[in-house]
Amino acid sequence: MADRRATAFAGAGTLALVELRRWLPKRAVLLAVVSLPILLFVTFTIGNDADTPFGEVLGTALIGWSIVVVLIVVGTSQGVLADAVEDGSAAWTVSMPVTRRAYVVAKFVGAAPAIALGAVIVPGLVAYPFLAASADAKSDFNAGEVINALGRDSSSYATLPSLGEYAIMLALIALLAVYLLAMMLLFGSRLTSAAALLGLGLASAAVLIVFNGLGIVEGTPGVAFVAVLPNRLEELAVVPAVIASAAWSALAVALAVWSFDRRPL
């Protein structure tokens with residue numbers, strides 16, 4: 001049984017390294033260059049309003065950025081598998097001593113770190129000092145602002161989270177990006193239409209919002225949209241949320257492997 005599994009995924013490691021070299025560093029840097037200005041733009045646009053407490057700045061900035069990350073990831077990853085099928089490179093590769101299963105897994109393993117780092121982790125960490133500056137600016141209230149603050153919910157006054165807590169937020173958003181990559185691989189295992197892939201990718205993100213609306217928080221990769229709200233991270237069971245997000249991605253990749261294994265090339 002072990003030998004059969006090893007044969008089924010023969011060549012996956014080598015292919016994954018090839019894919020990783022295709023994504024790192026150039027594509028990952030390009031993702032960061034696109035993603036970072038959007039996060040900073042939202043942060044400064046909201047933060048410049050003197051009457052907006054920092055908790056709202058942080059929540060709005062990260063939620064708005066998460067939505068943009070969804071668009072970036074779906075647009076970037078829609079051709080990861082579909083384009084290879086369309087141009088014949090997938091058929092050429094699997095005609096060698098490489099299994100279809102190995103091919104799909106390698107596509108995911110090679111792209112996932114670059115997308116997580118480029119679209120989420122690196123931009124998020126670079127933005128942290130700018131968020132800190134915004135938090136410091138919000139710490140100075142004049143008398144009128146203090147009076148106005150009394151009418152607001154106390155959760156709106158979340159201070160800048162520690163770097164560790166902030167890293168957890170970024171990790172959850174990165175898991176959302178990786179999940180979307182896995183879904184695009186699944187759709188690409190059957191389809192080559194760019195319009196169909198884009199529509200299905202966006203629909204996958206929309207479903208997560210519905211899950212959150214139903215109160216299914218820890219069980220969905222869309223937890224990132226909830227975890228970044230003021231005071232919600234400490235209420236969240238982070239470990240189950242991370243495990244659930246990883247499980248969704250693993251399931252999508254497994255289905256992509258199964259589907260790709262049965263399609264004609």
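Mentor: Helices here are DSSP runs of H or I with at least four residues, strands are runs of E with at least two, and both are numbered from the N terminus. Read along the sequence, this chain goes α-α-α-α-α-α-α-α-α-α-α-α. That gives twelve helices and zero strands.

Trainee: What kind of model is this, and how are residues numbered?

Mentor: It's a predicted model, where local features need pLDDT of at least 70, side-chain atom pairs count only at pLDDT 80 or more, and totals for chains, interfaces and linings use all residues. Numbering runs from 1 along each chain as its sequence is written, and side-chain values use heavy atoms, with hydrogens and water left out.

Trainee: What pLDDT does the chain average?

Mentor: pLDDT is the predictor's confidence in each residue, from 0 to 100. The chain averages 82, and 83% of the residues score at least 70. Among the elements, α7 has the highest mean, 92, while helix α8 (residues 143–149) has the lowest, 44. Over residues 141–157 the pLDDT is below 50, and beyond near neighbours in sequence that stretch has 17 contacts in the model. Where pLDDT is low, don't read the predicted coordinates in detail.

Trainee: What makes a pair count as a contact, and what share of contacts join residues at least 24 apart?

Mentor: A contact means heavy atoms within 4.5 Å. Of the contacts between residues at least 6 apart in sequence, 82% join residues at least 24 apart.

Trainee: Why is glutamate 19 called buried or exposed?

Mentor: Buried means under 20% relative accessible area, exposed means over 50%, and partly exposed is in between (1.4 Å probe, protein chains only). Glutamate 19 has 8% relative accessibility, so it's buried. Lysine 107, at 6%, is buried too. Arginine 22 has 38%, so it counts as partly exposed. Over the chain, buried residues make up 46% of the 265.

Trainee: How do you know that arginine 22 and glutamate 19 meet in a salt bridge?

Mentor: The rule asks for a side-chain nitrogen of Lys or Arg within 4 Å of a carboxyl oxygen of Asp or Glu. For arginine 22 and glutamate 19 the N to O distance is 2.8 Å, so the pair passes. They're three residues apart in helix α2 (residues 12–23), which means about one helical turn between them. An α-helix has 3.6 residues a turn, so residues three or four places apart point the same way.

Trainee: Which other pairs pass, and what do they tie together?

Mentor: Lysine 107 and glutamate 19 meet at 3.1 Å, N to O. Lysine 107 lies in helix α7 and glutamate 19 in helix α2, so this pair ties together parts 88 residues apart in sequence. Then there's aspartate 261 with arginine 101, whose closest N and O atoms are 3.6 Å apart. Aspartate 261 is in the segment after α12 (238–260) and arginine 101 is in helix α7, so that pair links parts 160 residues apart in sequence. Aspartate 261 has a relative accessible area of 30%, so it's partly exposed; arginine 101, at 33%, is as well. Shared partners join Glu19, Arg22 and Lys107 into one network. The count comes to three salt bridges.

Trainee: How do you know that the length of helix α9 agrees with its residue count?

Mentor: The expected span is 1.5 Å times one less than the number of residues. With 26 residues, helix α9 (residues 163–188) should span 38 Å, and its end C-alpha atoms are 37 Å apart, so the two agree. α9 is mostly covered, with 20 of its 26 residues buried.

Trainee: Why is serine 204 called buried or exposed?

Mentor: Serine 204 has a relative accessible area of 7%, so it's buried. It's found in helix α10 (residues 194–213). Leaving aside neighbours within four places in sequence, serine 204 contacts Tyr179, Leu180, Met183 and Phe187.

Trainee: What makes leucine 117 partly exposed?

Mentor: Its relative accessibility is 37%, so it counts as partly exposed. Leucine 117 is found in helix α7. Isoleucine 63, at 22%, is also partly exposed, and it sits in helix α4 (residues 54–77).
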